Structure formats: structure tokens, C-alpha cells
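Let us take a walk through this structure together, one stop at a time. Have the viewer open and follow along as we go.

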Amino acid sequence: MKTYYLSLAMLALVACNQKAKKQDDTTVPADTVTVAMKASVSKEKFGTLPDGKEVDRYTLTNANGISMKVMTYGGIITSLQTPDKNGEQGDIVLGFDSLEGYLQKGVPYFGAVIGRYGNRIAKGKFELDGKTYTLATNDGPNHLHGGKKGFDKVVWTASEKKTDHGVALQLEYLSKDMEEGYPGNLKATVTYTLTDDNELQVDYQATTDKKTVVNLTQHSYFNLAPGTATILDHEVTLHADAFLPVSNTLIPTGELRPVEGTPFDFRKGKKVGQDIGQEDQQLEYGGGFDHCWVLNGAGEGLEKAASLYDASTGRLMEVFTTEPAIQFYSGNFLDGSLTGKNGEKYVHRSGLCLETEHYPDAPNQPDFPSTVLNPGEEYHTTTVFRFSVK
Ligand code: BGC
């Protein structure tokens, strides 16, 4: 795919040169000429929160015309424009046109940064050094995605960064000691880099002044065929031989179950809709896929975790991560009650999430990879979403 874009860019340059030589030649299509552009970042005012805080929105554009919009509220990616196989740009994430859209009740974390702890902590309790910490139970009996006012609902401080491989936006947030019940002042930094290789790299960093737990992720809902009602025809590949079965309140039971012979086997790639309707207790508990897969490349650096492909548009998104697991959520709780961009109703399974992370409920499950962060340590994870067509 890189080659595809490079050759498009080269074609455009050649076209520009030819045009410069032959001023009267009007046969070069305009869209071919605009491909060779410079990466850029721009900023606009997006709105004001009920407490008077201003929210800005940044647009990052790479040299091939891929662009994303990010607002300082929740570090939310409000749009992500990538070309389909015919070169047509389309917005592949769910969301709203205005800040007010995101402030509605029941918006399920569209595009947001999730913290301090992504996914669930059983009964909103965990222990560190013999002390019990109590968190909000905002998802039935459990704690979900950092609580009532998680990192998705705070205003981050943004700064633009130029890197040698793309344009970047760095977001910083200080989560105070005992905010949402978590110990320690946690300095969190999330950097979105949009590279000229058509990758969105997300770097998560954090430090603390007291022992705490951290599990940061990104909660974009993807639909690679914008305007299509559901993602059931999207093909998902997960590089995972095992997944974490859950209880009926979606807390991992502690078992790492092989995917072999189950509807959870995405190793060879298959349509989301292929097995989602099977009779299976785990699918019943999740209302579809809403589980954490244990990645085969865990602990080996930036490894391929997943890919998402839509044949109708040719869009392919590959996911690489340093994290040990990925939550694949098939948008089961979307019910048509929210109307998003372009007046689209977000119906059941109209978008899906691929959230790279540590395991849910790890603070209560000593056999899971630890999510504890100590003072003096640096939390740093990286996830890359690579966009192409095939
Ligand atoms: C969880 C779902 C939850 C959703 C909220 C996902 O990460 O796995 O269970 O409903 O976030 O939008």
C-alpha cells in the first residue's frame, strides 16, 4: 500500500511538472494534482462546556491527504478521513458534528481516550499494598472506563509537534490523587502522530507519585464503509490464540480459553457477522463480541494485533501494538437512539472498536499481566493504526 501512495504522490509530481511545462494542457485531473501536499496541523474553537471551559479542535493532515480531527475534550477523534479503493475520501469513525453531540447522555465513549483504567474493574474495588480503593460502579455492579468522569470527559492541554515522520498532537492531563477514587497524581500524555506512511500512531505515557493502576486505550468506533448501516460485513483478523471468557457482568473469569473451535477464532480473518449469531454462552453474555483477546505477540514489542477490512470500499486498517491484549467490541449496545454526523442513526453494530490494552480487571486478578505503576516508573505503550486499500 505504501507503494500505492508513493506512486500516487509521484504521479502527482510528474503531473505537476508536465503541467508547468505545458501551461495550456488542461487534461491533468485536479484531484491528481492535489495529492502531493504538505502535512499540516490547524486549530479551531470547537465549543464551550457547561462549566465555561473552552474546547479546541485540531485537524491533522498528512502528505497524502489523510486527515483526522481531534478535540481537547476527551482527546476525542471526531473524524478520520481515509481514501477508499477509488481514491474517494470517507470518514471512518462514528461521532458528532458538534461538541453538544458528545455531551448528550449515554454517548458510549465515541472516539475517546480511556483512562485511568480501560474496561472493567469488578465491583469497583481493588487493593494495593493492603489498602482497598473504591471506585464508581458505573456499569451495573462494576467500574467501567475510569468511572463517572474518566479521561474521556476531561479537557486535555494540547500542543502541536512536528516530528520527522509526521504531524503530531500531544495531549496532557493531570489526574489528581484520588480523582475517581484512584491513588496518585497521574501525569498522562497521549500523542497522536499522523505519519506520511498513512499511519496513526498513538503513544500513551504516564508517571505517578503514588502506587496506582493504569490501563489507557482509544475508543474509536470504526465503520470502514461510511453510510453502511452495520459492520457485520467487515472482516476482522485477530492475532490471538486465546481470549478471556467473561461472567454475565463481563468480568473475565480468569481463564485463558483457546479460540480454536469457537466463534472467537478470528486468526484467519472472517466477517464479523459470520458467527456472531451462534448459540454460545459467551456471545450471549457479550450481546455479541465484547471480549478481550490475548495477543500472540504479547511482550515482543510493536506487533501486529489485528486487521479490519471492508471489501466494498477496499479499506484496510491494520493494528499494531505493544499491549498484550485487544478488546474487540462489535457495537452491541448501539441501539439507534443516537444520531451522528450526516444525520446517520447509529444502529445496533453500526461501528466496532478495537481497543488495545491490558486485561480487564487485572487489578483483582494476580495471574493477569500487572497494570500497577509505581513512582519512578514510566508507563509507555504504543499502538499504530495503518490505513491502506486492497
Ligand atoms: C466495552 C463495552 C462497553 C463499551 C462502551 C467497550 O470497551 O467492552 O462493554 O459497553 O466499551 O461503549
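A good place to begin is His-145, which you will find in the loop between strand S10 (143-144) and S11. Keep in mind as you look around that this is a predicted model. His-145 is not a glycine, yet its phi is positive, at about 50°. As a background point, most residues other than glycine have a negative phi. Is His-145 buried or exposed? With a relative accessible area of 4%, it is buried, because the cut-off for that label is under 20%.

From this loop, step into S11 and the sheet it belongs to. The sheet is open and has 9 strands, in the order S11-S12-S13-S14-S27-S23-S22-S17-S20, with antiparallel pairing. Strand S11 (157-163) and strand S20 (270-271) stand at the edges, and each has a single partner strand, so one side of each has no neighbour in the sheet. In general, strands of a sheet pair through backbone hydrogen bonds, and they do so in either a parallel or an antiparallel way.

Now move inwards to S13, which spans residues 186-195. Its neighbour on one side is strand S12 (residues 166-175), joined to S13 by 10 bridges, with the two running antiparallel. To place the register, look at Tyr-173, which stands opposite Ala-188 in S13. Strand S14 (residues 199-208) also pairs with S13 in the antiparallel sense, here over 9 bridges. Ala-188 turns up again in this pairing, since it stands opposite Ala-206 in S14. Leu-186, in turn, faces Thr-208 of S14. How much of S13 is buried? The strand is mostly covered, with 9 of its 10 residues buried.

Follow S13 to its end and you reach the hairpin it forms with S14, where 3 residues lie between the strands. Asn-198 lies in that loop, and this is another residue that has a positive phi although it is not a glycine, this time of about 65°. Asn-198 is also buried, with a relative accessible area of 2%.

Backbone geometry offers one more stop. As a general reminder, most peptide bonds are trans. Gly-115 and Arg-116, however, are joined by a cis peptide bond, with omega at about 0°. You can find Arg-116 in the loop between strand S6 (112-114) and strand S7 (120-121).

Next comes the ligand, which sits in the largest pocket. Which residues are closest to it? Of the 13 residues that surround the ligand, the closest are Arg-120, His-219, Tyr-221, Asp-290 and Glu-355. Two of these make side-chain contacts that are easy to display. An N or O atom in the side chain of Arg-120 is 2.7 Å from an oxygen atom of the ligand, and an N or O atom in the side chain of Tyr-221 is likewise 2.7 Å from a ligand oxygen. Pro-108 contributes through its backbone, with an N or O atom 3.2 Å from an oxygen atom of the ligand. On its own the ligand has 310 Å² of accessible area, and the protein covers 96% of that.

Our last stop is Lys-85, in the loop between strand S4 (77-83) and strand S5 (89-91). Lys-85 is partly exposed, with a relative accessible area of 42%. A polar atom of its side chain lies 3.2 Å from the backbone oxygen of Ala-311. For a sense of scale, Lys-85 and Gln-201 are 116 residues apart in sequence and 22 Å apart in space, C-alpha to C-alpha.

How values were computed: Residues are numbered from 1 along each chain as its sequence is written. This is a predicted model: local features need pLDDT of at least 70, side-chain atom pairs count only at pLDDT 80 or more; totals for chains, interfaces and linings use all residues. Side-chain values use heavy atoms; hydrogens and water are left out. Helices (H or I, at least four residues) and strands (E, at least two) are DSSP runs, numbered from the N terminus. Buried means under 20% relative accessible area, exposed over 50%, partly exposed in between (1.4 Å probe, protein chains only). A polar contact is a pair of N or O atoms within 3.5 Å; within protein, one must be able to donate a hydrogen and the other to accept it, and residues adjacent in sequence count only if both atoms are side-chain atoms. Two strands pair if DSSP finds at least two bridges between them. A residue is near a molecule or strand if one of its heavy atoms lies within 4 Å of it. Accessible areas come from the Shrake-Rupley method with a 1.4 Å probe; for residues, only the protein chains shown count as cover. On a 1 Å grid over the protein atoms alone, a cavity is a set of points where a 1.4 Å probe fits but cannot get out, and a pocket is an open set with protein on both sides within 12 Å along at least five of seven lines; lining residues have an atom within 4 Å of a point. A molecule sits in a cavity or pocket if more than half of its atoms lie within 2 Å of its grid points.
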